[in-house]
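Please open the model in your viewer and keep the sequence panel beside it. The tour below proceeds by selection, one stop at a time.

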Amino acid sequence: MPRKPPAEPIDHHYNIPRLNRSFFWTGGILTFVFVLMIVYDYSRDWKTIQRTFMRLDAKLTREQALAARQKALDDEHAKLIGELKSARAEIATHKARLAKLNATLHDLEPKVYAADQQYKFTKASFDAERYLYEDALANKPKSAPGAKRSLDRLTKQLDDRTLRLAQLKKEQGEAQAQIDTINARKKDLETTIEKRTADFRLARQKFGTLRQDTLFQLRNSPILDMINPSLRVQQVQLPDHFINVNFMRIPRVDRCTTCHIAADRKGFEDPKIKTVYRTHPRMHRMVGSESMHPATSFGCTPCHGGRDRATSFWSAGHSPVSEAEEHAWTRKYDWEFDKFNENPILPLKYAEAGCYRCHSSEANFPEAPTLDAGMRIVEGLGCWGCHRIDGLEKQRLPRVGPSLEKVASKVPTDWAKRWITNPAAFRGNTKMPTFFYQENFVDVSGPKPPTDAQKKMNEEGHVENDTMVNAIVEYLIEHSRPSQVPPVSGKGDAAHGQKLLAERGCYGCHLVDPLAQRDLTGTYRQFGPNLAGIGSKTTRDWIYHWISNPKEWNPDTKMPNLRLAPEDALDIAEYLATLKAPAAFDAIALPRTDEKVLNQIALYFEMSTKTLFDAKAELAKMDLQGRQVYVGKNLIAHYGCYACHAIPGFEDAKPIGTELTEEGSKAVHRLDFGFIHLPHTRQDWFRTKLHAPRIFDRDRARGWEEKLRMPNFRFSDRELDQVLTAVLGFQQLNAAANVVKELDPREAAIEHGRRIVKDHNCQGCHVIEGFGGSIRSLVADASLAPPIIQGEGAKVQSDWLFAFLRAPKTGQIRPWLEVHMPTFGFSDQELNDLTLYFASLDRSAYPFLVQDYVTSPASWAAGKKVFELLKCAQCHPRSIEDMNRPGVDRASLAPNLQMAATRLRHDWIADWIRRPDEWMPGTRMPTNFPKGDDGHRTSPLAGLLDAPNFAKDREEFLRLFGSDEAAKQFLGSPEAVTRALRDYVWSIGVNGGTAPVEPKTPPVQAQSTFGAAPAPAASGRPAPSAAGGR
Amino acid sequence: MNPITLLKNAIDFLSAPQYLVSMALVGLVLVIHWRPMWTRKGGIVLLALVAGGIGLSYLDPNFNKVATLPDNVPIVGMIFLVGFFFWFAMSQAYENDRRIAQGRPPIEGEDSAQKVFSWPDLVYVELICLVVVMAVMIVWSIYLKAPLEEPANPTDSPNPAKAPWYFLGLQEMLVYFDPWLAGVAFPSVIIVGLMAIPYIDTNPKGNGYFTFKERRWEITLFLTGFLVLWCMLIVLGTFLRGPNWNFFGPYEFWDINKLVPLNNINLSEIIWIKVFQRSLPNFWLFREIFGLVLVGFYVAVLPLLLSKTLLRRFFEKMDTPRYLIGVSLALMMLALPIKMYLRWIFNLKYIVAIPEFAFNI
């Protein structure tokens, strides 16, 4: 039943026209807001960036295209075009013939098609019929003859059709060949032109794809862009790198290339290009598809940090380097501090921190200079002594500071107290940090004026520190091991001592400069202590005994034995004893022990294991000295002095600091910012902490036992950057094991060697792997400096090297050197590691070598002859007697060749003679075989023979080789000549340079021990050992 | 000292939970009886006070930092929304009371005499509301981005770790009650209790119209629960609870180092050690006997006592089960402020503490 309409109009509760108007307006607003939403959703920074990049790319491509066109459309091109025209004209003269041939082809085409089809059909029938026949043979022998007949019929048919097809194709081919002959020249020209213009055409084609035309706009317009946009988020999935959220690993998906489009593309290196569009500055190491860290498997965020999936400047976690940059970013990109981002991008100056996570097993980081410097400081200052760092712990570093086990016999008590009070006052560049009188004891309010209460705290802190310094020194003196420093009679010549100090190479590790600033990264000369002021620190007699045999005083010292003659040692000691401490150091007031404070400190330590009563009773038993020693011992434990110094009673003590192995990944909220207002980032906290280690105690009211303990290392800004890079690099791995740099046996051997080299400061004197040789700057004549160690593994026999490193004998090879290789007292393990290190660097055979090379007398004789011809003996002595002969200027000599057979590798000798300039640039050894125009070594000897002065030599060579031709061939070949020279030189050490006996067994192949040695110069590999490194 | 700083310090001091809750409880009872508040003029003054106070507070950097967090903006909105509806309901109620006193029907009575079609009168208005709400939500979502954080890491929880805004009242209860009670028992009772209200409160007065006079007790009780113990605790949890769940005044800097002593002791310790000066008995029943008796009194005896005295009127009006359930629910609700005061005055941790069964009250 239909509902009845209301009898009379019902009043509306609302005014309907008003509702209509409201609906109109609100609907309008919603529509506007909806459009706004689409606009906001559509407009993303990365789209703008991609568009801008396309324009930039288009511009560069256009320039490339234009340049390529310029290059392609040269005179040659015009000539080719002219030739092409003439070729075409020539073809025109054969018009009639061409027309006929084309007609023939035209006729043939359907016939070939039909014949081909017939052949294929017949072949199909034949295959089917053959199966039937085979089936009949196997299963239905009766019907086999019938099947055979029809198969035969088909076989014949197939043959006919094959033949017909072949005939038709042949006709076709002949006609085509005639046409090709006519067109041949034109075709050649066209191909040449095409090849010459390929670059231009490719660039033009690419330029076409970069145009932002209507189709591009349409594809990328709002809503339509869901179909197939060309502007899109780019990402690379990194299953081996993950974000660790505990109990779960989220694989990284790096979207950085959405904006950094050209990061892995060459051609955008120009520094004028905005950073976001630029090529990665180190493409050969990172990001590049051919580098060892391609972007497809390493991405960006695993090293740089940052939010992998982010596609906007802010959310990616870009971190400003400076406050100025922060302001600029805030203005330009709405950047703000993101407290939720636990792993923001490392500021650019710390970028190298990203390397350490995977490369912690390496000793040096030559490719990452800031990190390398940072690690050098962390190792050198002994950070690892208090703070466990897994990567360094595995390297088993020696303690940083000197042993204090016998300190009482070495230094005066007052000196020790002043030294602990302020080490930098004694030596500006010392590694020893300042523990006492730091701001949390004597300046608790920081830069703002202290309140009265704080003033009192400062005074108390000063007294506490005074008492502590005294107590520590008392313990060290009291527990110092008894030892005698026997008095040395006589007086040395200080002036001679000063000269010796410079000549013997002491300056490879030591400075004598009261004003020196610490530099552990630029020079290797601050390895040992600065000797300035040493005369105030210890006595002449102690210095004498120490430098005469350092290991006798302290078996663990790194100081080597220079094998000084007693009188030389005395001279040096005499000189060093004259070096006195700066006046400011002697002016430091000696700390005064406050007995009340001492008792309080002692009570605190006693109460860690006892009740108040027992503790007091225990203390009452001690006299003042006893309490001082007791407090000193506990303070040494409290401040961790034993982390750097060997101290009696602390042989097995555990480090006191926070472990730093994963400090770079530590959650920021776990860092105590105290009352200091800083941006809450790891780098800001670490930097502040390193700069002022006690700053987070500012305004705190705490007892001495609760105060921060980290000493002040007086870092410079540069050092802060470097150390911070290292500390930020101590990160959680958060990557699969396979991406970590794993050392193969050779690399591991090299790292072992590098570690020993670093720990013994070999680079203070020698250039090794391209680094070091700091002492060279002090030696006027480069040839008088310690040798550059390059290609050592390929050069010397491992046996010899082993023996030499164990007990160096000076004066045998280069007697003119005043600088002496010291005796380091390496262990067997270290000696093996070192010899293997050098052999591995140059990929040389290790350890066994053939000793009795058999030389053919002919080669030996030729070598001897060339030896004389080149006047090698002018510089190279052939025996000790040669060197000591009267009238010989020892300083101008070259290495003694008597040693060659026992020291050098057989094959290396020839290689060295052939190209000494490549083995050791700057060597005094003349390059007798210069490189020719083709890059191959040439021998000028062949030409010499024709000169009239050499008639006698010519005769001799004729006799040796039988014919002029053979002699010239020998002398013209650098390889042959150097091999012969080698054979002669070898004989010097073996039998004094006499002719070898005719061999009974075939000679050993020269290549046998030289498999992986540097290839001859022709291969274009210049410096052998520099390339052998990494 | 600068008067503004002085005022801020005073507000910081007074917004500590003990004062805030006390003022809210007393203030609520007073204000619902204060007629001028529920006129149009009173509403405007109230709005001006709240909006002006909050608006000026935005000038304070510490307040601004907390109140402008995308998480917290809706809570500021909630203050206004809840405030408006509170005022609206009360002003309607007073108006109706006046009309009823004059012998006229309530406003809603006149309205309901009139009949209109659902279209356009209802649906059209709803549509317009829908459009407006959508527009507002879209604009909101454009300008205040969702405050998304890093993937959750169980070893790296944020400080303060806050529940979603609607649970902040419950989280505040956790300060005073055992997690089993505050986190499990009470929320269940709240839900069941709210569902039970229509069955307990069978008073037909106020059905379909606002009134205060006719339902004084019920309204006071409900508003105490809803406004003070729920909405206000949400506001407190949002704006006044900072790192380590410490209390911070609205203008105070959220300093992570702030330390507040939390030396709370159990009732058994107060009685046995402080009063009797004896060591605690080993047997839990003996040890906790006073607390158990007290709780037993509160839940079992008190309703009966009340039925004879204070709530006699209700007991007579309602049947016994209704009365008992209703009073139990009300007492449970009031247990929260009671426990709060016990904590603030006596540092009381638990009235009954039986760690043997992980049972604490």
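Begin by selecting chain B, which in this predicted model holds 16 helices and two strands. Turned along its principal axes, the C-alpha trace of chain B spans about 75 × 55 × 45 Å. If you colour chain B by burial, 18% of its 361 residues count as buried. Among the contacts in chain B between residues at least 6 apart in sequence, 69% join residues at least 24 apart.

While chain B is still selected, two peptide bonds deserve a stop. Most residues other than glycine have a negative phi, and most peptide bonds are trans. The bond from B:Trp119 to B:Pro120, however, is cis, with omega near 5°, and B:Pro120 is found in helix α7, residues 118-121 of chain B. Moving along the chain, select B:Asn159 and B:Pro160, where the peptide bond is again cis, here with omega near 0°; B:Pro160 has its place in the loop between α8 (123-143) and α9 (168-173) of chain B.

Next, show both chains together and select the residues where they meet. Here 27 residues of chain A are in contact with 25 residues of chain B. On the chain A side, helix α1 (residues 16-42) gives the most to this surface, with 13 residues. Coloured by class, the side of chain A that touches chain B has 18 nonpolar, eight polar and one charged residues.

Now hide chain B and look at chain A as a whole, with its 43 helices and six strands. Its C-alpha trace spans about 140 × 125 × 75 Å along the principal axes. The radius of gyration of chain A is 42 Å, whereas a compact globule of 1030 residues would have one near 31 Å. Of the 1030 residues of chain A, 33% count as buried, and among its contacts with a separation of 6 or more, residues 24 or more positions apart account for 70%.

Within chain A, select helix α12 (residues 369-380) and helix α29 (residues 717-729), whose axes come within 7 Å and cross at roughly 90°. At what angle class do α12(A) and α29(A) meet, parallel or perpendicular? With that crossing angle, α12(A) and α29(A) are therefore roughly perpendicular to each other. To see the contact itself, display side chains including A:Leu371, A:Met375 and A:Val378 in α12(A), which belong to the set that meets residues of α29(A), among them A:Gln722, A:Val723 and A:Ala726. The residues of this contact divide into seven nonpolar, five polar and two charged.

Stay on α29(A) and check its length: at 1.5 Å a residue its 13 residues should span 18 Å, and because its end C-alpha atoms are 18 Å apart, the two values agree. Among the buried residues of α29(A) are A:Glu719, A:Leu724, A:Val727 and A:Leu728. The buried residues of this helix pack against α11 (353-359), α12 and α28 (682-691) of chain A.

Finally, select two loop residues on either side of this helix. A:Asp699 lies in the loop between α28 and α29 of chain A and has a positive phi of about 70° although it is not a glycine; because it has 15 C-beta neighbours inside 10 Å, A:Asp699 counts as partly exposed. A:Asn734, in the loop between α29 and α30 (745-759) of chain A, has a phi near 50°, a positive value in a residue other than glycine. With 17 C-beta neighbours inside 10 Å, A:Asn734 counts as partly exposed.

Key:
Residues numbered from 1 in each chain as written. Chains lettered and ligands numbered in written order. Predicted model: local features only at pLDDT ≥ 70, side-chain atom pairs only at ≥ 80, totals over all residues. Contact = placed C-beta atoms within 7 Å. Helix = DSSP H or I, 4+ residues; strand = E, 2+ residues; numbered from the N terminus. Nonpolar A, V, L, I, M, F, W, Y, C, P; charged D, E, K, R; others polar. Axes fitted to C-alpha atoms, helices over the stretch in contact; angles between N-to-C directions. Parallel < 35°, antiparallel > 145°, perpendicular 65-115°, else oblique. Expected span 1.5 Å × (residues − 1). Buried ≥ 20, exposed ≤ 12 C-beta atoms within 10 Å, placed from the backbone. Rg over C-alpha atoms; globule rule 2.2 N^0.38 Å.
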